[in-house]
Amino acid sequence: MSSETRRTMNPKPTLSLPKPILSTTPGTWAYDTMSRRIDSEILERTFQENKDEFLNDEKFAIAYQKFEALRKDLQSASTSPLRHLDPLPDHMIDDPVRVREYNEWTQILSPYVDKEEPDTWLSAPWMAAEFYLYRRLMETLDYFNPQSSTYMYDPFAKQKRAGLEVSVATAEPILSQIQDLGKKKVKDGFALAAAFALWGNKMDLSIWPADAKADVPGMFQKILASANDNLLHDDTTTLVEYGQKLLDKGGGEIDIVVDNAGFELIMDLALADYLINSGVAKTVRFQLKSHPTFVSDALEKDLVEHIEFYTKLTEKEYSSCKEAGSRWKEYLANGKWVCNENSFWVQPPPMWEMPSDLRNDMKSRCDLAFIKGDANYRRLLGDLEWDFSAPFQDVVGNYFPCPVCALRTLKAEVGCGMEVKKVENAMKLDDNWSTNGRFGVVHFSMGSKE
């Protein structure tokens, strides 16, 4: 793969790039994630949810051995060196998709692996190590190998299914409003649909499992009630003004770079429903993950499953959800909604290193891209130690290939474009203000002119 294909010719942030966030400082969310949470919470839950397969199904025997070896590696995260992925089997070396993805990972890992003392899970940049963990998990399952007995097995499917099933009660009153929102003025309807999608991101299955005992409908209503107070930056007014321009020209092509399955994905579908119904969008393209990652991140199969599940709900209990599911299924059938999986969305490079084919597509076609969730937001910023007040336009807007809106609740110690006084107030209100999803941002930019 040429260096040009590997995302080196793109525009970058206009500000000098700060240092990457590492996982070496005790007391930080990054350190806790890589030194403890990944193994004792996320992989332990993955084991428990796949325990029957791992322990009782012979076709999972090799995968389980590799899974346990990966966990052992992470239990010594400060001393365990990173390594390259295992070589592709001979029968896969003629598959251009797999070869490209393998070569991309080789290049991603080279700065941390190909040196006298390779980086460990903690000394490598947090973003690189975290995405690498989920790619290594796919390796343990031989996920991409069509000759493997565990080909395309999703270790997070049960958790995502549970998140889908508990989403309905919370979604019903919201989806009852979506059709009416399309009839309202853009400044009202678009703003509320975007708020649903923003705060749906708080329901992250990697932090709050779907089986956690909680009043989810009540929780989300409380989140919406305090939404304005908990925004550390809000470009909603500018966003809806731009939405009006798209409506006036007959609708645009809008992408949603999707984050989590479950309730958050339902809120993304609600936003997409509004965009089509209102005329702000002619087409909505969902940019989805190409393999299971970050526990709850959505693949195309998850999106399709969510829609099918909603179409089969009983009309007596969940009429709005059922009606929405039927509309959504029709949108997919008639091409108003389109799904696209891409390996770039499951890799750690910053978004200014977007592959040329993906960047050119978004630049030529996309009138607005919604970037959903925390991991995607971290990649917008390169997971670097920006000053929280650094302007979003200087960090993201001057390189992104099209108009962009980031909808993010804070779940990591990275950010930009936030008002100083609001950040100071958040710090006083909550010691975990930057990691627990209580606070959020709505950032908007018209994107790069290059």
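**Exercise 1.** In this predicted model, determine how strands β6 and β7 run relative to each other and how many bridges join them.

*Solution.* Step 1: locate the strands; β6 covers residues 404–409 and β7 covers residues 440–445. Step 2: compare their directions; the two strands run antiparallel. Step 3: count the links, which gives 6 bridges. One position can be checked directly, since C405 stands opposite F444 in β7.

**Exercise 2.** Place this pair in its sheet and identify the strands that stand at the edges.

*Solution.* Step 1: write the order of the open sheet of 7 strands, β1-β7-β6-β5-β2-β3-β4, in which the pairing is mixed. Step 2: examine the ends; β1 (231–234) and β4 (337–341) each have a single partner strand, so one side of each lacks a neighbour in the sheet. Step 3: consider the twist; neighbouring strands are turned by 15 degrees against each other on average, direction ignored.

**Exercise 3.** Decide whether the residues of the salt bridge between D302 and K160 are buried or exposed, and state which helices they belong to.

*Solution.* Step 1: confirm the contact; the side chains of D302 and K160 meet at 2.9 Å, N to O. Step 2: assign the helices; D302 lies in α11 (residues 300–311) and K160 in α6 (residues 157–181), so the pair ties together parts 142 residues apart in sequence. Step 3: apply the cut-off, by which buried means under 20% relative accessible area. D302 has 1% and is therefore buried; K160 has 2% and is therefore buried.

Key: Residues numbered from 1 in each chain as written. Predicted model: local features only at pLDDT ≥ 70, side-chain atom pairs only at ≥ 80, totals over all residues. Heavy atoms only, no water. Pairing = 2+ DSSP bridges. Helix = DSSP H or I, 4+ residues; strand = E, 2+ residues; numbered from the N terminus. Axes fitted to C-alpha atoms, helices over the stretch in contact; angles between N-to-C directions. Salt bridge = Lys/Arg side-chain N within 4 Å of Asp/Glu carboxyl O. Buried < 20%, exposed > 50% of the residue type's maximum accessible area, 1.4 Å probe, protein only.
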